[in-house]
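Dear colleague,

I am handing over the structure below for your consideration. My findings follow directly after it.

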Amino acid sequence: QVQLVESGGGLVQAGGSLRLSCVASGRTFSSYVMGWFRRAPGKERELVATISRSGGITYYADSVKGRFTISRDNAKNTVSLQMNSLKSEDTAVYYCAARPNAGSFVVVFTPTRYDYWGQGTQVTVSS
């Protein structure tokens, strides 16, 4: 079992920055691929970014590429999402998620393929 707890959301003006963090319980954090999803009002949950077990490979949705950075610290069981140049369309509830991955890293977009989820943290960007 893995428990995930997010923090760092809030209200920010357009063009501003926020850093989301997700702390995982358990001793096998490094065996999980981690992802950040978001759900905007009236929209489906979408993958924002994902990172391989070692942290060496990352993927970003086109909508955030160049503005967001995902990183992880396996020694501290944390994954972070640095969000810069925020736009009003980034407003959403952000979730971190984990899925076990024993083989090569692949990008998985489907939320149901992730086994563990945090409770979510609200990010609101005012224009």
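The notes below go through the findings by region. Please bear in mind throughout that this is a predicted model.

**Strand β5 and its neighbours**

I begin with strand β5, which covers residues 46-51. Of its 6 residues, 5 are buried, so the rest of the structure largely encloses this strand. On one side, β5 runs antiparallel to β4, and 5 bridges join the two. The hairpin formed by β4 and β5 has 6 residues between the strands, and glycine 42 adopts a positive phi near 75 degrees there. β5 also runs antiparallel to β6, in this case with 3 bridges. The hairpin of β5 and β6 likewise has 6 residues between its strands, and glycine 55 has a positive phi near 90 degrees in it.

Threonine 50, which belongs to β5, is a convenient point from which to view this arrangement. It is buried, with a relative accessible area of 0%. Glycine 35 stands opposite threonine 50, while in β6 the bridge partner of threonine 50 is tyrosine 59. A polar atom of the threonine 50 side chain lies 2.9 Å from the backbone oxygen of methionine 34. Beyond its neighbours within four places in sequence, threonine 50 is in contact with residues including Val33, Ile57, Phe105, Val107 and Tyr114. Another of these contacts is Ile70; the C-alpha atoms of threonine 50 and isoleucine 70 are separated by 7.1 Å, with their positions 20 residues apart along the chain.

**Aromatic pairs and charges over rings**

How many aromatic pairs does a search of the whole structure find? The search returns 6. In one of them, the ring centres of tyrosine 59 and phenylalanine 109 are 5.4 Å apart and the planes stand at 90 degrees, so the pair is edge-to-face. Tyrosine 59 is in strand β6 (residues 58-60) and phenylalanine 109 in the loop between β9 and β10, so the pair ties together parts 50 residues apart in sequence. Both rings are on partly exposed residues: tyrosine 59 has a relative accessible area of 24%, and phenylalanine 109 has one of 47%.

A second edge-to-face pair consists of tyrosine 95 and tryptophan 117, whose ring centres are 6.2 Å apart and whose planes meet at 80 degrees. This pair links distant parts of the chain, with tyrosine 95 in strand β9 and tryptophan 117 in strand β10, 22 residues apart. Tyrosine 95 is buried, at a relative accessible area of 12%, whereas tryptophan 117 is partly exposed, at 25%. Together with Phe37 and Tyr114, Tyr95 and Trp117 form one aromatic cluster.

Tryptophan 117 also has a charged residue over its ring: arginine 45 lies over the face, at 4.6 Å from the ring centre. Similarly, arginine 72 lies over the face of phenylalanine 29, at 4.5 Å from the ring centre.

**Nonpolar cores**

The largest nonpolar core has 31 residues, of which Leu4, Trp36, Val79, Leu81, Met83 and Tyr94 touch the most other members. Two or more residues of this core come from each of β3, β4, β5, β7, β8, β9 and β11. Methionine 83, leaving out residues up to four places away in sequence, touches Gly16, Ser17, Leu18, Leu20, Arg67, Phe68, Tyr94 and Val123. A separate core of 5 residues lies apart from the largest one, and Phe37, Leu47, Val108 and Tyr114 are among its members.

**Arginine 38**

Is arginine 38 in strand β4 buried or exposed? It is buried, since its relative accessible area is 5%, which falls under the 20% cut-off. Its side chain makes a polar contact of 3.0 Å with the side chain of tyrosine 94, and a further polar contact, of 3.4 Å, joins it to the side chain of serine 63. Not counting neighbours within four places in sequence, the contacts of arginine 38 include the charged residues Glu44, Arg45, Glu46, Glu89 and Asp90. Val48, Val64, Phe68, Ala92 and Val93 are also among them.

I would be grateful if you would look over these points alongside the model.

With kind regards

How values were computed:
Residues numbered from 1 in each chain as written. Predicted model: local features only at pLDDT ≥ 70, side-chain atom pairs only at ≥ 80, totals over all residues. Heavy atoms only, no water. Phe/Tyr/Trp six-rings, centres within 6.5 Å; stacked < 30°, edge-to-face > 60°. Helix = DSSP H or I, 4+ residues; strand = E, 2+ residues; numbered from the N terminus. Buried < 20%, exposed > 50% of the residue type's maximum accessible area, 1.4 Å probe, protein only. Lys NZ or Arg CZ within 6 Å of the ring centre and 35° of its normal. Contact = heavy atoms within 4.5 Å. Polar contact = N/O pair within 3.5 Å; in protein donor to acceptor, adjacent residues only side chain to side chain. Core = buried A, V, L, I, M, F, W, Y, C linked by side-chain atoms within 4.5 Å. Pairing = 2+ DSSP bridges.
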